[in-house]
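Here are some questions a first-year student might ask about how the parts of a protein model are described, each with a reasoned reply.

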Amino acid sequence: MTVRIGIIGAGVMGSDHARILHGSIAGATVTAVADPAQDRARAVARETGARTFSSAEELIASPFVDAVLIASHDSAHAKQVISCLEHRKPVLCEKPLAPTVSECQDLVDRQNALTGGIPLISVGFMRRFHPAYRELKDLLEEGAIGRPLMVLSSHRNVSSYPDGNSASTITNSGIHEIDVTAWLLNSPIESVSWHAPRNTALDGSRQDPQILHLRTADGVLTSVDVFLNARYGYEVRCEVVGERGTLELARPHLTTTNRAQTGSRSYTADWRPVFADAYRLQSQAWINALISGTRPALATAEDALTAARVAQALVDSMNSAGATITINHHQPSADESHAGGEHERTLTHV
Ligand SMILES: NC(=O)c1ccc[n+]([C@@H]2O[C@H](COP(=O)([O-])OP(=O)(O)OC[C@H]3O[C@@H](n4cnc5c(N)ncnc54)[C@H](O)[C@@H]3O)[C@@H](O)[C@H]2O)c1
């Protein structure tokens, strides 16, 4: 069986996913692509032999599409996922599932309202498939460093997207750190606080860098710096400090040069080479599950809702001068404006 995939959004990620699904994934073929930027859609179509559609809705309804991969702008995700649910088509949506808690909750509710069976929504938190993160998680679970106590992480980009702001640093980029931290430690994030050093002069549109503190239910404290205009290269760091040692992701530099009594290393310009295996393994796991009719091992809509709650709590902390915000994962959210209800605020400035 070959699963016919329609790609929505033919930008950086959509064209990369199309290339991977077309060239490296057994059991998948790319048959359709939609993007309002027709030149981008046509470029993907040329590479894969897919047909182009003028709208996401037409692509989702097409009889030539069995399953959909969404890599459009964050703000378009919810509407497109709803359309996939209405057509009962499995969908792999890039992170974030949607930028707000209320939209994620709505998608979880709509999926639950469909009668039983395997969930249709998977979410592209691909770090769960990165071999180095998986090894780190396995070693933690084997007790290689005893009980974890704290995690020190960094998320560094060369430069930020032009249309973002301080909140989207959290909901778009920080969301990876939120998901992978809870997954790695196998414990939900229960409280957060947001901190800011002085701002880089290179981005007037947002606070950059930001420091996010995440405390899991088992008491492990994670500190992540998210620095979108770090300039020197793309880099993700993660060191888990335990009672009997530390575990650290290998640094994702390309080469180390030693010459003239000096050592130096080169970095990639973005995330795609660093996480190439993760994207491929995630896509293969999705296609295998679709073919075998089993539950995909990818992040679920519920995982995305959980991450969105934590992201919103961090935005609330940002808007409360770094107050510690406690998250109640059991309470359904009212809306993303949080006019009371979902978080308990502890106005401790740390
Ligand atoms: N998992 C990851 O590591 C990772 C990395 C980067 C981006 N992302 C996510 O992937 C998605 C795409 O990011 P990108 O970097 O490719 O952005 P991009 O701007 O390069 O591409 C987005 C594309 O979507 C198209 N688009 C916008 N609205 C649309 C709509 N309504 N219907 C169809 N197409 C539409 C745009 O024309 C553009 O071509 C975002 O949600 C982003 O958060 C994930």
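**Reasoning from values to words**

In this predicted model, the centres of domain 1 and domain 2, taken over C-alpha atoms, are separated by 26 Å.

Q: What makes up domain 1 and domain 2 along the chain?
A: Domain 1 consists of 3–127 + 275–300, while domain 2 consists of 128–274 + 311–315. Between them, 17 residues of domain 1 are in contact with 16 residues of domain 2. On the side of domain 1 that touches domain 2, helix 9 (residues 276–292) gives the most, with six residues, and by class that side has 11 nonpolar, one polar and five charged residues.

Q: Why is Gln 105 called buried?
A: A residue is buried if 20 or more other C-beta atoms lie within 10 Å of its own, and Gln 105 has 20 C-beta neighbours inside 10 Å, so Gln 105 counts as buried. Gln 105 belongs to helix 5 (residues 101–113), and its C-alpha atom is separated by 8.6 Å from that of Ala 301, although the two residues are 196 residues apart along the chain.

Q: Why is Gln 261 called exposed?
A: The word exposed applies to a residue with 12 or fewer such neighbours, and Gln 261 has 5 C-beta neighbours inside 10 Å, so Gln 261 counts as exposed. Gln 261 lies in the loop between strand 13 (253–259) and strand 14 (262–267), and its phi is near 60°, a positive value in a residue other than glycine.

Q: Why is Asn 186 called partly exposed?
A: Partly exposed is the word for a count between the exposed limit of 12 or fewer and the buried limit of 20 or more; Asn 186 has 13 other C-beta atoms within 10 Å, and therefore it is partly exposed. Asn 186 is found in the loop between helix 7 (166–185) and strand 8, with a phi near 55°, which is positive.

Q: What makes a positive phi or a cis peptide bond worth pointing out?
A: Most residues other than glycine have a negative phi, and most peptide bonds are trans. In this model, Arg 88, just after helix 4, takes a positive phi of about 55°. The peptide bond from Lys 95 to Pro 96 is cis, with omega near -15°, and Pro 96 sits in the loop between strand 5 and helix 5. The peptide bond from Asp 208 to Pro 209 is also cis, with omega near 0°.

Terms used. Residues are numbered from 1 along each chain as its sequence is written. This is a predicted model: local features need pLDDT of at least 70, side-chain atom pairs count only at pLDDT 80 or more; totals for chains, interfaces and linings use all residues. Helices (H or I, at least four residues) and strands (E, at least two) are DSSP runs, numbered from the N terminus. Domain bounds come from an automatic or database domain assignment. Two residues are in contact if their C-beta atoms, placed from the backbone, lie within 7 Å. Ala, Val, Leu, Ile, Met, Phe, Trp, Tyr, Cys and Pro count as nonpolar, Asp, Glu, Lys and Arg as charged, and the others, Gly among them, as polar.
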